[in-house]
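Here is a short report on one chain. It moves from ring contacts to the cores and then to a single buried arginine.

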Amino acid sequence: MPAILSIRGLAKTYASGFSALKGVDLDVRRGEIFALLGPNGAGKTTLINIVCGIVERSAGTVLVDGRDAKRDYRAARQTIGLVPQELSTDAFESVLSTVRFSRGLYGFAPDPGLIEKILRDLSLWEKRDARILTLSGGMKRRVMIAKALSHEPRLLFLDEPTAGVDVELRRDMWAMVRALRDAGVTIILTTHYIEEAEEMADRVGVIRRGELILVEEKAALMRRFGRKRLVLTLSEPVLSLPAALAGFGLELAPDGRALSGEFSPDPKDCAKMGGASALVRAIAESGLPVADLETRQNSLEDIFVSLVRDA
């Protein structure tokens, strides 16, 4: 099945000479949640704005559901829903009329039932007659999401959608995102809350200084770059590291009451020195007086920071 979004050689250079994007290649699969991660200024929003037709590209091609995003702009744009970072709505319009108008902009016939469902799902139905200027920041964010969904897009961009919103909205929004994915909508997400990407995404892309440095299945990424930290607390101090543990990179605390070190959680490493199985076996054979054992696996955020720093 062809990708719903296919990008080749995408570049953007501004008149000042700044290169925001440098030859980006990316395919996004139908029905997946794709997290695009990167530090501020990495090029995430520029990429999204080019795909959505808001910013002119300098080079490259963008196909949205098989249509060129520039030559066949209207058809491509009907496929896309965008929730931008900025809150931009007509402050004096009501919630209901704003969302209805947004659907009409894309040439779709009115559908009161659909609009009501979207507003109810976002806890906006009771506010449908309220002017947007009277809403809180979180409620305005909900209106932006409702506008993006009003024309039933098959490709939805969420650009920092939970920035500055409360926990309740964040929870409701992710429940809706999962439901949309289950219904076949493809979601491209950027977020500074990397734990959200870790929970939601099927695949992860990391962009740095306008270059896409990695695209990988989330589970495979966690296996490949993930590390576990082990801390052994001892009931009695020891003077030195037992010979059976010498090859595992463990360090003895100065007071002799703890051992700590890192090992790979990848099952492929279990048979190797440093693998989890070999390490546990060696601990048992060492005769150490173990009082407690604690492990911690690094998160997607740890991996992201490492990739961006070392790229």
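## Charges over rings

Lys-12 lies over the face of Tyr-14, at 4.9 Å from the ring centre. The model is predicted. A second charge sits over the ring of Trp-125: the charged end of Arg-128, 4.2 Å from the centre. The table sets out both cases.

| Charged residue | Ring | Distance to ring centre |
|---|---|---|
| Lys-12 | Tyr-14 | 4.9 Å |
| Arg-128 | Trp-125 | 4.2 Å |

Aromatic pairs number 0 in the structure.

## The chain overall

The chain has 10 helices and 14 strands. Of its 311 residues, 47% count as buried. The accessible surface comes to about 15400 Å². Carbon and sulfur atoms account for 51% of that area. Contacts reach far along the sequence: among those between residues at least 6 apart, 69% join residues at least 24 apart.

## Two nonpolar cores

In soluble globular proteins, nonpolar side chains tend to be buried together. Here the largest nonpolar core has 31 residues. Leu-119, Leu-156, Leu-158 and Ile-187 have the most contacts inside it. Six elements each supply at least two residues of this core: helices H3 (95–105), H4 (112–121), H5 (137–149) and H6 (167–182), with strands S7 (155–159) and S8 (186–190). H5 gives the most, with 6 residues.

What does Leu-158 touch, beyond residues up to four places away in sequence? Its contacts are Val-83, Met-173, Trp-174, Val-177, Ile-187, Ile-188, Leu-189 and Thr-190.

A second core, separate from this one, has 26 residues. Ile-4, Leu-21, Ile-48 and Cys-52 are among them.

## Helix H1

Ile-48 also belongs to the buried residues of H1. This helix spans residues 44–51 and is mostly covered, with 7 of its 8 residues buried. Besides Ile-48, the buried set holds Lys-44, Thr-46, Leu-47, Asn-49, Ile-50 and Val-51. Gly-53 follows H1, and its phi is positive, near 80°.

## Arg-203

Arg-203 is found in strand S9, residues 203–208. Why does Arg-203 count as buried? Its relative accessible area is 8%, and buried means under 20%.

Where does a polar atom of its side chain lie? One is 2.7 Å from the backbone oxygen of Asp-27. Asp-27 is also one of the residues that Arg-203 touches, leaving aside those up to four places away in sequence. The others are Val-28, Arg-29, Glu-32, Ile-33, Phe-34, Ala-35, Val-215, Glu-216, Glu-217 and Lys-218.

Definitions and conventions: Residues are numbered from 1 along each chain as its sequence is written. This is a predicted model: local features need pLDDT of at least 70, side-chain atom pairs count only at pLDDT 80 or more; totals for chains, interfaces and linings use all residues. Side-chain values use heavy atoms; hydrogens and water are left out. Buried means under 20% relative accessible area, exposed over 50%, partly exposed in between (1.4 Å probe, protein chains only). Helices (H or I, at least four residues) and strands (E, at least two) are DSSP runs, numbered from the N terminus. Rings of Phe, Tyr and Trp (its six-membered ring) pair if their centres lie within 6.5 Å; planes under 30 degrees apart count as stacked, over 60 as edge-to-face and the rest as tilted. A charge sits over a ring if NZ of Lys or CZ of Arg is within 6 Å of the ring centre and within 35 degrees of the ring normal. Contact means heavy atoms within 4.5 Å. Accessible areas come from the Shrake-Rupley method with a 1.4 Å probe; for residues, only the protein chains shown count as cover. A nonpolar core is a set of buried Ala, Val, Leu, Ile, Met, Phe, Trp, Tyr and Cys residues joined through side-chain atoms within 4.5 Å. A polar contact is a pair of N or O atoms within 3.5 Å; within protein, one must be able to donate a hydrogen and the other to accept it, and residues adjacent in sequence count only if both atoms are side-chain atoms.
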